[in-house]
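The exercises below are to be worked with the sequence and the coordinates at hand. Each task is followed by a solution that proceeds step by step.

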Amino acid sequence: MAKEFFAHVDTWVFDLDNTLYPPEMRLFDQIEVRMTQFVMDALGVGRAEADRLRLEYWRRHGTTLAGLMREHDVDPGPYLTDVHDICFDVLVADAELAAHIRALPGRKIVYTNGSAPYAQRVVEARGLDGLFDAIYGVEHADFHPKPDRAAFDRVFAIDGMVTARAAMFEDDLRNLAAPHAMGMRTVLVGPEAVEADHVHHHTDDLPGFLSSLV
């Protein structure tokens, strides 16, 4: 059982997109459309090229924003405001998830490559408002994205957590490497299990997994 592996944990770190809501709600699809449009407008390229660059920057730099900043000196503020100007109606409250997060012992935080205001809106739409001690966005990491180790170092230093007593829940396999190296318990959240040295656990049912820990 997973419970014994989390007995030492007193800080629970949750990614946001496709972690605190399931991928089938398709919220991030809206963001991807707006990201492509932003790239088109900022760089003066067509849709196909903008889509290619969006994915290439995500692969090479961790996020599209990081690629735009590093290769084109794009101002992150307008970008974050624009791409997160979406409709949240596709999200529904999850009372079961809320109950299991509430039951976890210790502090709970959200850490996303999106912005903190965007994360707050997602949390509210999912009925999770008031459950988290802190919400950190990419702006708290000086716009360094996960999976960069520097991003985790910055955010976790702000938070003051002891990483050896923390767990990370994340849908992106890349973003669990640094937490694992920092001594955290790592959980890959998503439909498919992936064998990797830096993944301790996998779940395709976050509420069910959390229910087994308390």
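Contact, as used throughout, means heavy atoms within 4.5 Å. This is a predicted model, in which local features need pLDDT of at least 70 and side-chain atom pairs count only at pLDDT 80 or more, while totals for chains, interfaces and linings use all residues. Residues are numbered from 1 along each chain as its sequence is written, and side-chain values use heavy atoms, with hydrogens and water left out.

**Exercise 1.** Determine which residues Thr 163 touches, not counting residues up to four places away in sequence, and decide whether Thr 163 counts as buried or exposed.

Solution. Begin with the location: Thr 163 lies in the loop between helix 7 (149-159) and strand 4, where helices (H or I, at least four residues) and strands (E, at least two) are DSSP runs numbered from the N terminus. With residues up to four places away in sequence set aside, Thr 163 touches Phe 156, Met 182, Gly 183 and Met 184. Its relative accessibility is 17%, so Thr 163 counts as buried, given that buried means under 20% relative accessible area, exposed over 50% and partly exposed in between (1.4 Å probe, protein chains only).

**Exercise 2.** Classify the accessibility of Asp 148, and find the separation of its C-alpha atom from that of His 61.

Solution. Asp 148 lies in the loop between strand 3 (134-136) and helix 7. At 22% relative accessibility, Asp 148 counts as partly exposed. The C-alpha atoms of Asp 148 and His 61 are separated by 8.7 Å, although the two residues are 87 residues apart along the chain.

**Exercise 3.** Classify the ring pair of Phe 169 and Phe 209, and place both residues in the structure.

Solution. Rings of Phe, Tyr and Trp (its six-membered ring) pair if their centres lie within 6.5 Å, and planes under 30 degrees apart count as stacked, over 60 as edge-to-face and the rest as tilted. The structure holds 11 aromatic pairs. For Phe 169 and Phe 209 the ring centres are 6.2 Å apart and the planes stand at 75 degrees, so the pair is edge-to-face. Phe 169 belongs to strand 4 (residues 166-170) and Phe 209 to helix 9 (residues 206-211), so the pair ties together parts that are 40 residues apart in sequence. Both Phe 169 and Phe 209 are buried. Finally, Phe 169 and Phe 209 form one aromatic cluster with Phe 6, Trp 12, Phe 14 and Phe 132.
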